[in-house]
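Let's take a tour of a protein fold, one piece at a time. Have the picture handy as you read.

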Amino acid sequence: MIQNIITQINQSHKIGIISHDSPDGDAIGSSLALNQALLQMGKDSKFIVNKNINESYASLVQSQHNLKSNEFFDLLFVLDCSGFDRIKNISCHSLSNFIICIDHHTDNGKLMGDICWREPVQSTGVLIYQLLKAIHNFEFSSYISTMLFLSIKTDTNNFTVFNPNFDIFKMASELIAYHADMNIIQELDKRNLSYVNLIRKTLPNLIYRDRIAYLIIDKIDIERCNSNYTEASRLIELLENIKEITVIYLIIKNGNKLSIKARSDEIDVCKIMKCYGGGGHKNAAGISKYYCKNIYKFIEELILKTKSIL
């Protein structure tokens, strides 16, 4: 698989890279690392930014990453994306005649692109690291190492989830040896005061029943706190390590539209999220968009499904 991808890279000059909308640290880190690696190899490479870049990562993404009208690529990489439907407003097939998909989400059985490399590793950045290691005489720059470190750090929640085994720590140590910039990583970890205000506003609304907890955050409250979707999503990090909670759901409400994140160390929340068109990993999954007229009826149904597994 890796050699086939390297062959396609060698045969191409203008190469595009795209990921899912509202890219997280894994999507941003793996895409920027691959983009810089391709530039380093003499390719005309571009990471295509679609929309909704997290404020924390905005400084990493420059204006030259915007897609030009009628731009076409010899080769297009789709990273950290379980389906083309997660990329709105852009048709990947209109950008290139050859698409390579690299992803660590294996819950979607449908293969994507001309080459589809999926493995259940900790992050897509792990696969990009393996790819670059296989390229003859490739040299890891400080920037590439930093972006890959960001990738694995994000999707392992600071190396605490998704089987943080010897290999992932070995990879992290190698990236540090390649001069990954920890100052950049630490800067990206900083929170705004709006995040604190959002915690104060919403945490009193946490509901806990029979080891299952859920928190509903309304878009109106996010706006009142001068916060954003990304900061709201991060609240699940505060809740997933509470001993008494086995399953936690974070639900962001915008009218009849819901965005849901689920976490659990004990049950397969991906199976539950799939019932509503979502996906992800066994211990961390979600739904990017779900419409319902009665949120409380939906929550009762969600809790019943969860209890049937517990």
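Here is a look at the sheet, the helices beside it and the nonpolar cores.

## Before we start

This is a predicted model, in which local features need pLDDT of at least 70, side-chain atom pairs count only at pLDDT 80 or more, and totals for chains, interfaces and linings use all residues. Residues are numbered from 1 along each chain as its sequence is written, and side-chain values use heavy atoms, leaving out hydrogens and water.

## The sheet

Five strands (DSSP runs of E, at least two residues, numbered from the N terminus) make an open sheet, ordered E2-E1-E3-E4-E5 with parallel pairing. At the edges sit E2 (44–48) and E5 (115–118), each pairing on one side only.

Now zoom in on E3 (residues 75–79) and E4 (residues 99–103): they pair in the parallel sense over four bridges. To count as paired, two strands need at least two bridges found by DSSP. One bridge links Leu79 to Ile102 in E4.

## The helices

Helix H1 (residues 2–10) lies across E1 (14–19), E3, E4 and E5, and runs at about 135° to E5. Helix H3 (residues 124–133) lies across E3, E4 and E5, at about 120° to E4. Helices are DSSP runs of H or I, at least four residues; angles run from 0 to 180 degrees between N-to-C directions, with axes fitted to C-alpha atoms, for helices over the stretch in contact (heavy atoms within 4.5 Å).

## The cores

Which residues have the most contacts inside the largest nonpolar core? They are Ile5, Phe77, Ile102, Leu132 and Leu148, in a core of 47 residues. Such a core is a set of buried (under 20% relative accessible area, 1.4 Å probe, protein chains only) Ala, Val, Leu, Ile, Met, Phe, Trp, Tyr and Cys residues joined through side-chain atoms within 4.5 Å. A second, separate core of 23 residues includes Leu258, Ile260, Tyr276 and Cys292.

Technical notes. Buried < 20%, exposed > 50% of the residue type's maximum accessible area, 1.4 Å probe, protein only.
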